[in-house]
Every structure is written in structure tokens, then in C-alpha cells.
Amino acid sequence: MKYRNIREEELKNKVANDYFWIYDCTKIIGNVDFCVCIHQSQKELFEQESLLWAEAKKGISDIFKSIVQLILTIGKARTFDKFLPPPFLGAFDSENIAFIPYVDIYEVFYINDFNWNVTPSNYETKEFKLIHEKVKSIIDSKALLFNFQKDDKELKRFIKDNFIVGKLGLTKTKIDKNNFIIIYNKWLQSVKPTIGLNWDLLKNRHGIIDGDFYLADLLSHENKSLREKLYVLLNNNHYLLDREINELGFLSSKRADFLDKQIAHTQFWNKYERPPKEEYWDYIVERRDLLVPQDVRERKGSFFTPQIWVELSQKYLTDVLGEDWQDEYYIWDCAAGTGNLLAGLSNKYNIWASTLDKQDVEVMHDRINNGANLLDDHVFQFDFLNDEFLPISKGGKLPDSLYQVISNENKRKKLVIYINPPYAEASDKKTLTKIEGKRGVEQSKTNLKYAKHLGQGNAELFVQFLTRIYFEIPESIIAEFSTLKIISGPHFINFRSFFKAKMEKAFICPAQSFDNVKGKFPIGFMIWDTSKKVKYDKIETQVFDENNTELGKKNFYVYDKDQYINDWIKPYRADVSKNQLIGKFPFKGSDFQNQNMIQVVHHKMDYNTEAGQFFINQKNIIYACVYFAVRKCIDASWLNDRDQFLAPNKNWESDLMFQSDCLTYTLFTNNIQSSFGTNHWIPFTEKEIDAKEKFESSFMTKFISGKIDTEISFDLFQKIDKKEEKPLQFSTEAKSVFDVGRELWKFYHKQPNCNVNASLYDIREYFQGRNEAGKMNNKSQDKTYMILIGDLREKLNKLAEKIEPKVYEYRFLKE
């Protein structure tokens, strides 16, 4: 072994000095262990700053598992979004080093519906095992493994031949559909400030964005744009925009020059190869929506429909409307963007496409010139939430052919409004009011006209679209992508009161499969027949994962007649004016998306106080623990994100074993911290865990044994009949949790300077510590502790599995 008995930091220094001495190995990139970079003196010449990102391990390790750990480290921090990835990923220990080309592994970083927020070094998590399974064959076939001692010369030759910036000459960084956004963000910093324009005025008056200038640069050769239909053209040393034929018949345009004689522009593009391969041109132009500034994207709320869902939605339309539906029905996408939802449709004479932005219309016309199956006269600029339904012949914006369909009762019944409408909500203050001189979510004419019908639902753009369609294009077919809020959301009672239509067929898929959509929740495609006035209580949907694999069916319910769980629990709140409190949790929304915010904490802790608080005492502790366990025992996912927790039936009240299971679950998952005051949640006696001193509070063990703790509040329990006091009974699963927990507490109380009143949170903090940002670390260096806490989590998972069926049996959730 070449590097025997040395620490990890020393190992990294020796590897750097022995093999990468001509490079800079001191740079820290994200949380990557070891980086090989070009020197600062070369940085201005080459965009590719990093050559290797690697995981380092002292001693002997499973080198390929270390690569998996590196992948999880990079994916968790999304390091590839902040730095251009290197040609190689790798890992090394005291004996071997392995390399794998980044290009062979990068697709794993784009897995949808994957939890990257795990500890990369924990090889036992399901996430680690999943990534290991996905990349094992790639690592086996593509990795290059060298032994430091046996393969010393070969390793040095490999590094010499492959760790070359600008290999094969001054090779520029290629731009493709995977990195054009990263390059755009760099362009914003380097080139945009040197273009002599008033950007705010340009955007407000002309609808042109900085992304149009980037596209002019990107799709050019020798500083001449290659596509005439772009909204902005690069013409040697300046840009041309607002090109039109004037009243004399001459082509006129406006010109934008560089402020620095094009120096920054030239230096920037010296590092990149342009144009990209022609096979990427259409994709990049169609994805202009990704180049829209954030404030505009918030107002438009647009998200691009992936091709797999376009194809599936058209299959569903065929299933509902028949094989010949494209010939028998008319189709209008009134939120078309660049028209990708219409790809695959065959009868262009029955299709219309409109969009808010003129530049998107230009893109669609350009696509028509390049073979898109649309008619020029059927593609038009139209602000659906504000413009009047008037034909062009009468001074409006609608093509006369489309107006004839809308205004004819019989033809209107054959009109399919096929849309993926803008998704934006006014919970963001910037969208509540006018944004950059344009209407915000709540300022549209549609919202003002139908305000009394929408209620709180007016905060959603897509609901405004559906409302105008319903009232002003009556008896049409609506085939739309949207969230399931209109079915289950508590703010959409008003909308559901008037929107009566038959839901013919629907599917749902993960929101993460759509670009620019944050969060894990379902997006549905629903086909509504508005000529059939049906009041729905639930809808049934087919479920598909991000790979278009069918997973089964799921129901979404209307909860308008149900009582939510928060309304059920509120009457049992403790009186904060009395000395009886042992903890609290915040009131958050009654669905799964708020699961992480539901935490039992010390009643003196300032935690989510704006949400309202449920204070806990010994009189309501069972209610509190049932509430907490019910909301936490089932993991939140994209599929259940919008499911609402409800007031239960009465049957749970006689199920004492269920109640004690919930108490046990809460005892070992709460976030009580003794630093805020007395800890009343210690589930063991001093004798059970060999405590060094007496606890400040023995409330919990007294409660479990059926006794009243008058030290907390004497007055509250004067009227309780002592004969009713009985020790709680626990299930086998709950007892297993107590057994493992008892060993953990015992181990902690053997530690020097332990806090005798420590809570479970305090114990975790003691062993796991905190990082520089103050966040608790995910693991500990103490192996015994890691075994004990791992066993406790395993037993808690089994207890949660036991509680879960009761959640549905007692109607906390609908199946």
C-alpha cells in the first residue's frame, strides 16, 4: 500500500503532489472532497475550470461505492448547476484511484421524484442503494481503476493524456440542450451589461427579453444570426430588433450597440462553440420560456409540457372523442406558448393557437416555416384573460374562422379547448399587484368580471382561464393540464359551486416531470364536457410516474362537506393562562404538503407562531399525540401531496391500543428541547436508564402508569375520579420502540457531562453535533450511537406501518 496509515487530509495532499502537481488542487467546489482545477492564470482562457471531482477515503474502501457517495453529494447540492462539471468524476483511497467520464454518468442527476436530501455517506439508505443500482453497470463498464503502487506509470500517463484543457486544439465548450441555460446565466453576467439598452423600457413596451439577445448570439456564425425569424438578430457588431415594413414599403428596424466596442461579447464567445449542432436549434428556440426572467415567469406562470404527457393526453382525447376526433372537432390552444402541446396533431385546418407574447407567435411562425403542422393565419397573439372575443374583421384579434366556431352553438359543442394554462398564484406579493407595468394575477379583466364566482380561487391564473371558458365558451370540451386544487383545495369552494361538468377521463403525473415546477405534487390532465352539468364529489384518475409507467388509480375528493382535522382538534387546546403546559405544535394546512412543519416542540419555543398554536397538557395529550402521529406516520409524496386530513369518526375513541401507539410514536419523534425549560417528555424513570440525578419532571412515566402529575397543574385535575386511573397498555410494536429507546437513553447517560433532563432531540444533538451553518449533522462518528438510533428508526417505521391502516379506518384520510 503506497499511502499507509495516514489521515484523509494528508492522503489528499499526497495524491495532489504526486500526480496532479501541475494543477490547482486547493480549490473547494461545493461539498466535493477533492477537486483538480486549472490554475488561475489559465482560467480566463478556458471555461472548463474543473478537470476532476473526487471522493477521498483513508485506508481501504469500496472505491465504487465512494463514487456513488460522490454522486449523491453532487446531486444533493446540485453542484453541476453552479459549476461546469469536469470531464471526470472519481474516487480514491490509500491504495486505488478510479475515474469515470462525467458524460457517462450525468443522466442520473436528472432522475425525477428522487429524494436527494439524504446523507451521502450512509450506504444503507434506500436512496444510496437506488443510485448504486442505477450506476453500477455504468461504473463496471466505464470506470478506469489504477493501483497507486502497481500502476504508477500508467496512472501518470493517463493523467498526462487526458487532463488537458482544450484537448485537440483550443476546443471550445460545446453548447447543447443540457447546458444552454447554464451558459445563458453566465451570458447575463458578462455580455448583457455591455448592450446599450434600457432593459425595463424594452420589456414593457416591446415584450423583448434579454433571452432574445442571447438566442441571437447563440444561433449565429461569425456574428451573423442564422435564423431570420428570431425576435432579435445579431448583425456583426450590433443587434437588430423591431423589424417591420414601414408605410413606404421599406424594411425598418431598431439597432442596439455595444457599450464597450464588443470586447466583453468577443471574449465571452471565444470560450464557446457556436452555433450548437443544428439538431438542437428547434429545441432551444422552443425552450425560450427558460430564458424568461424570473419576475416575468412568475406572472406568466408557464411551464412546458413534456412530450410524453403531450402524447398521452392526445391518446386520452382519442379514447373519449373517438378515432376521428381531429377531423370531427375543432381545437384551440389559447395558452399555446411556442405550441409544443399541438405537436402530433394532424388536421391543421381545425387547429388554432394563441399566446400572450408576440415573440412566441414569431417562434411558432418560424416553426411553421420549418415544418410544424399549423396554419400561419391560425396562429395569433391574444391575451385570453383580457382581450375581447371579437373577429379580426370587426377590429378584434380572433381569426374570423375561429370566431365562427365560438359564436355558433352547434360548432361550439365540437370545440376542444386544449390547454396547459399558465400556473401562477397571488400568494406571492409580486403577483398580487402590477408587475413591471403589466397586469398581475388578480388584475385581469376576467378576474374583475367573475370575482364573485371565484372567491379565493381568483389567486390562480389557470382557474381564471377555466372560468372564462366555462361562461363565455359554453358547452365546449375543456382538455386541460392543471393541479388538482380545483377538486380538493379548500380555497376553491366558490369555483366548484358553479363549475358543473362531466369529467370524462383523467390522468395524473409528477409535477417534477415539468420544467420550472417546484415541489412534489400531482399535475392532472382532465377532459371536461361542459355541456353535461354534473356536480362531482370525487374524480378517479390513472396514475403515471415520470417514466410514463402506469401505477394504478387514485381518487381525488371534494371536501366541501367535510370537517378538516385542524377544525376538529382546535377545541381541545389547553388554556395558556394556567400552569399546565408541556408542549405545543403549530396549526398548518390540513394536507400532506405541510407535514414537515408539524412538530411537537417546547411550549416556550418560538416556532411558527404565525400559524396558530395547539398547546398541550395532560388533559389533551392523547388528542395531541393522535393528531401528530396521524399526520406524520405516512410519508408525504407527490401522489398524496394534496390529500386532506379530516375530522375522524368516533371509533378511535374506544381504541386504546391505537391511542397508546400514537403516544409512543410522538414520544420518540418530537422535537422537545430542554434548553427552553423543563422537559416533561422523558419516557423512562431514572432507575430504568441509570440516570445520575433525579429528573426535573417525571410527568410522562406517571402519565403512562395512569397517575396524575399534580406538580404540573393541581387545579385542572381535582375533579378526575381516581378510580379511572389505569396504566396504559402498549402493543408489541410500541414496546419494541420503548426497548430500543431505553438502550439509547442508557448509553447517553453514560457519557461525560450528560444533561440528566435531556430530550431525544438533545441526545441527537449531543452525538451528531452541528455544522458551521448551525444545522444538526445527519450522522455521528460514534458507531454505538448510530446503531442505536438506526434501530430506533427501524422500530418507529414498523410502528408507523401499524398506525397507518387506522388512519383510513377512522377516516382521518379518505382512501
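This is a short walk through the structure above, from the whole chain down to single residues.

Keep in mind that you are looking at a predicted model. The protein chain has 815 residues, and 55% of them count as buried. Its secondary structure comes to 31 helices and 23 strands. If you take the contacts with a separation of 6 or more, residues 24 or more positions apart account for 66% of them.

Let us start close to the beginning of the chain, with helix α1, which spans residues 8-19. From the first C-alpha to the last, its twelve residues reach 16 Å, close to the 16 Å expected at 1.5 Å a residue. The buried residues in α1 are Leu11, Lys12, Val15, Ala16 and Tyr19. They cover an arc of only 130 degrees around the axis, so they lie on the same side of α1. What covers these buried residues includes the strands β1 (34-37), β2 (50-56) and β3 (88-92), along with helix α6 (152-162).

Now move along to a pair of helices. Two packed helices are described by the angle between their axes and the distance between the axes. For α25 (residues 621-632) and α26 (residues 656-667), the angle is about 75 degrees and the axes are 8 Å apart. That angle is why α25 counts as roughly perpendicular to α26. On the α25 side, the contact is made by Ile621, Ile622, Cys625, Val626, Phe628, Ala629, Val630 and Lys632. On the α26 side you will find Phe658, Gln659, Cys662, Leu663, Tyr665 and Thr666. By character, the residues of this contact divide into eleven nonpolar, two polar and one charged.

Two residues are worth visiting with this pair in view. Asn620 belongs to the loop between β23 (613-616) and α25. Is this asparagine buried or exposed? With a relative accessible area of 3%, Asn620 is buried. Beyond residues up to four places away in sequence, Asn620 touches Tyr572, Arg573, Ala574, Phe614 and Phe615.

The second is Ile803, which sits in helix α31 (residues 783-809). Ile803 is buried, and its relative accessible area is 0%. Leaving aside neighbours within four places in sequence, Ile803 is in contact with Ala629, Cys633, Phe658, Asp661, Cys662 and Tyr665. Among these partners, Ala629 of α25 and Phe658, Cys662 and Tyr665 of α26 also take part in the contact between those two helices. The C-alpha atoms of Ile803 and Met657 are separated by 9.9 Å, with their positions 146 residues apart along the chain.

For a strand residue, turn to Lys505 in β18 (residues 502-510). Lys505 is partly exposed, at a relative accessible area of 27%. Not counting residues up to four places away in sequence, Lys505 touches Tyr316, Asp319, Val320, Phe525, Met526 and Ile527. One of these partners, Phe525, is 20 residues apart from Lys505 along the chain, and their C-alpha atoms are separated by 8.4 Å.

Finally, a few backbone details. Most residues other than glycine have a negative phi, and most peptide bonds are trans. Here, a cis peptide bond joins Arg274 and Pro275, with omega about 0 degrees. Pro275 lies in the loop between β12 (272-273) and α11 (281-286). Asn753 has a positive phi, near 60 degrees, and is found in the loop between α29 (732-749) and α30 (760-768). Asn753 is exposed, with a relative accessible area of 76%. Arg811, in the segment after α31, has a positive phi of about 70 degrees. At 39% relative accessibility, Arg811 counts as partly exposed.

How values were computed:
Residues are numbered from 1 along each chain as its sequence is written. This is a predicted model: local features need pLDDT of at least 70, side-chain atom pairs count only at pLDDT 80 or more; totals for chains, interfaces and linings use all residues. Side-chain values use heavy atoms; hydrogens and water are left out. Axes are lines fitted to C-alpha atoms, for helices over the stretch in contact, and angles run from 0 to 180 degrees between N-to-C directions. Helices (H or I, at least four residues) and strands (E, at least two) are DSSP runs, numbered from the N terminus. Angles under 35 degrees count as roughly parallel, over 145 as roughly antiparallel, 65 to 115 as roughly perpendicular and the rest as oblique. Contact means heavy atoms within 4.5 Å. Ala, Val, Leu, Ile, Met, Phe, Trp, Tyr, Cys and Pro count as nonpolar, Asp, Glu, Lys and Arg as charged, and the others, Gly among them, as polar. Buried means under 20% relative accessible area, exposed over 50%, partly exposed in between (1.4 Å probe, protein chains only). The expected span of a helix is 1.5 Å times one less than its number of residues. The arc is that of the directions from the helix axis to the C-beta atoms.
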